[in-house]
Structure formats: structure tokens, C-alpha cells
Amino acid sequence: MTVSSQPALDGPRQRDPFLVELAERDLLVAGQAPGVDALGAPVERVVSRMHAEIGALRREQHGATLHFPPVLSRATLERSGYLEGFAHLAGSIHGFVGDDDAHAKLVDELSSGADWGHHQALSDAVLAPAVCYHVYPLLAGRLPPGGREVNAFSYCYRHEDTAEAGRLRAFRVEEFVCAGDRATCERWREEWLDRGSAYLRGLGLTVRRELAEDPFFGAARRLLGADQHRRRLKYELQVPLRGRWLAVSSYNLHDDHFGRRFAIRRDDGEVAETACVGFGLERIALALLAEHGLDLDAWPADLRGRLCR
């Protein structure tokens, strides 16, 4: 899942008033770095219940949910093409590579407040920007007739602006991936748009469906975004949050991009196309708090029974 984003901002940022209210009620604990906030136990319970509910929406089709760590192979990220389009959002993992002398210099620089990053080098792992990148390598080879659907769950990380509620850098996504022919992927996505809308409305949220484009980086970003919009490759389901619309779920067609990158073939041997659907669990939880109030005991009875106990 890729949701609309802005590049990370340097320097101090004014904290969203809604996040301040949540912190005052111990529903959220501000992290030491922007966008890595912790959830209080009542909200974490809501997220956990939604994870189970959303995962069960198509359990008979995809089997058990795959739970991935937040760390992805760097080789997989490079192979996927993510860095070509979204280098500004990628989070790499570095490690110390020096000897004893280099370590002594690092300690000196650390104590003086100097930049010690030059003692670090890229590792073979990165922070996963989307859950679906874990899945594509698993689909390599020939798919069964009719294609394949996979449900996966993980933390993700995006190096982006975190000034407003809902724009976290570390967040959890319930994701579904479909691989097959074009007609299968288009039909699958449309079914999920209906299913996702129904689920969110069942939580008491107002939902609107919007065409969208990913936040590409580089000289071709406007052309790429316009082409994605023109060809209707990306939709978002958005819900209200304190006077603005927040994207909480995205529905994406990829053409044969990942089929070519990861050697995924249809049962007839042709390159497969793929699609993915992602639900941002923290975003939905924040929208529920904005809609139903910060006193979870006062939420509608059906939601309290489903999500709060």
C-alpha cells in the first residue's frame, strides 16, 4: 500500500491539536522522534480487533495471514523499483563497519555532538515501505489457474512529514495482494473497493472513494502521477478526521510491473499482472476516535462489543 505523502520536513513542527488531545487522555504517547508515537492500551485493542476483522473478510480465499517483520531485504527493495519512484520515502538500515580506532573516533564525535554517520554503511536490510513487497518474491514462478491472493500484515516505515494526525512514519497495514491476468486483477480490486467501503461504513464512518496518485519523486513525477490518475490505477477510500479527509485504504493496479520484476507468470506462461489493497490500521483507529469520541466507553454499543473488549 502507498498512500499520498509529502517529503519529510526538517526542523521543529507544530504538533497536531488532535494528537495533543489523545496524549492528554493517554490514548497516545508521543515518541521521541516525530511520527513514531505509541498507542495507549485501549486504542491498541481497537487496532488488534480490526486486524482480525479485516483479515477475516476473505479468509476462505487466501488462507492464513502471513505476518512479516518490519524489515525487508534490501535486494528486494532494489529489485522492486521502489527507489526509482520513491527514494524520498525509503528508510535504510545502516551498521557500524569500522575497527577499534574508528570506534574511538565515533565515541568522540558522539560526545561532542558531531555527525557520526560516516562510520555507518548500508546493510543488506531496509525498513519495509509496504507489506506487499514481502509478498512478490513469494509469487515467483507459475501461478495456479485463476491466479493467487495473499493476505499479509506488518509494520511499515516511510520517511515523511508527520506534522498531522494520521501521517505516522511507523504504522501497520493489513494488505491483500492479487496476481493473475488483467481482468482478474481489475475485478478483484473492484470487489475490494465495495468490501472496504462496506467495512468502514459498518464502523460508523462516512466514506468517499477518490482517484489518487502516488507521491512519485524525480523529474518525471508529474507525468507519472498524471498517467496513474488518467488510467485509474489507484483509488483511495477516505474518511473525515477533524475537518479534512484522510486516506485510510488504497486500491492499486500495477500492470505487469511486479510480474516482470519478480518473474511472476500466469498459468499460461505469460507475465502476470498484480494488484494490492491496503488498510492503514492506525489511521482507521484515529478516524474512529475523531468520529465517536475519545471516551471509548461512550462509543456505540455494537462497536464497543466488537473493538473495545
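This passage walks through the overall build of the protein and then visits three of its residues.

The model described here is predicted. In the protein, 12 helices are found together with 14 strands. The radius of gyration is 21 Å, close to the 19 Å that the globule rule gives for 309 residues, so the protein is as compact as a globular protein of that length. Taken along the principal axes, the box filled by the C-alpha atoms is roughly 60 × 55 × 35 Å.

A look at the interior and the contacts adds to this picture. Of the 309 residues, 47% count as buried. Among contacts with a separation of 6 or more, 72% come from residues that stand 24 or more positions apart in the chain.

The outside of the protein can be described in a similar way. Its accessible surface amounts to about 14,400 Å², and carbon and sulfur atoms account for 51% of that area. As for charge, the protein carries 39 positive and 45 negative charges, and the mean positions of these two groups are 5 Å apart.

With the overall picture in place, individual residues can be visited, beginning with an arginine. Arg-169 sits in the loop that links strand 8 (148-157) to strand 9 (170-180). Although this residue belongs to a loop, Arg-169 is buried, because its relative accessible area of 14% falls under the 20% cut-off. The side chain of Arg-169 also has a polar partner: a polar contact of 3.4 Å joins it to the side chain of Tyr-157. Tyr-157 is itself part of the stretch 148-157 that forms strand 8.

Two aspartates are worth a visit for their backbone angles. Asp-26 has a phi near 60°, a positive value in a residue other than glycine. Its place is the loop between helix 1 (17-24) and strand 1 (28-29). Asp-26 counts as exposed, because its relative accessibility of 58% is over the 50% cut-off.

Asp-255 likewise is not a glycine, yet has a positive phi, of about 55°. This aspartate is located in the loop running between strand 12 (244-253) and helix 10 (257-261). With a relative accessible area of 18%, Asp-255 is buried, because that value lies under 20%. Set side by side, the two aspartates both show a positive phi, while Asp-26 is exposed and Asp-255 is buried.

Technical notes
Residues are numbered from 1 along each chain as its sequence is written. This is a predicted model: local features need pLDDT of at least 70, side-chain atom pairs count only at pLDDT 80 or more; totals for chains, interfaces and linings use all residues. Side-chain values use heavy atoms; hydrogens and water are left out. Helices (H or I, at least four residues) and strands (E, at least two) are DSSP runs, numbered from the N terminus. The radius of gyration is taken over C-alpha atoms; the globule rule is 2.2 Å times the number of residues to the power 0.38. Buried means under 20% relative accessible area, exposed over 50%, partly exposed in between (1.4 Å probe, protein chains only). Contact means heavy atoms within 4.5 Å. Accessible areas come from the Shrake-Rupley method with a 1.4 Å probe; for residues, only the protein chains shown count as cover. Lys and Arg count as positive and Asp and Glu as negative; His and the chain ends are not counted. The place of a charge is taken as NZ of Lys, CZ of Arg, CG of Asp or CD of Glu. A polar contact is a pair of N or O atoms within 3.5 Å; within protein, one must be able to donate a hydrogen and the other to accept it, and residues adjacent in sequence count only if both atoms are side-chain atoms.
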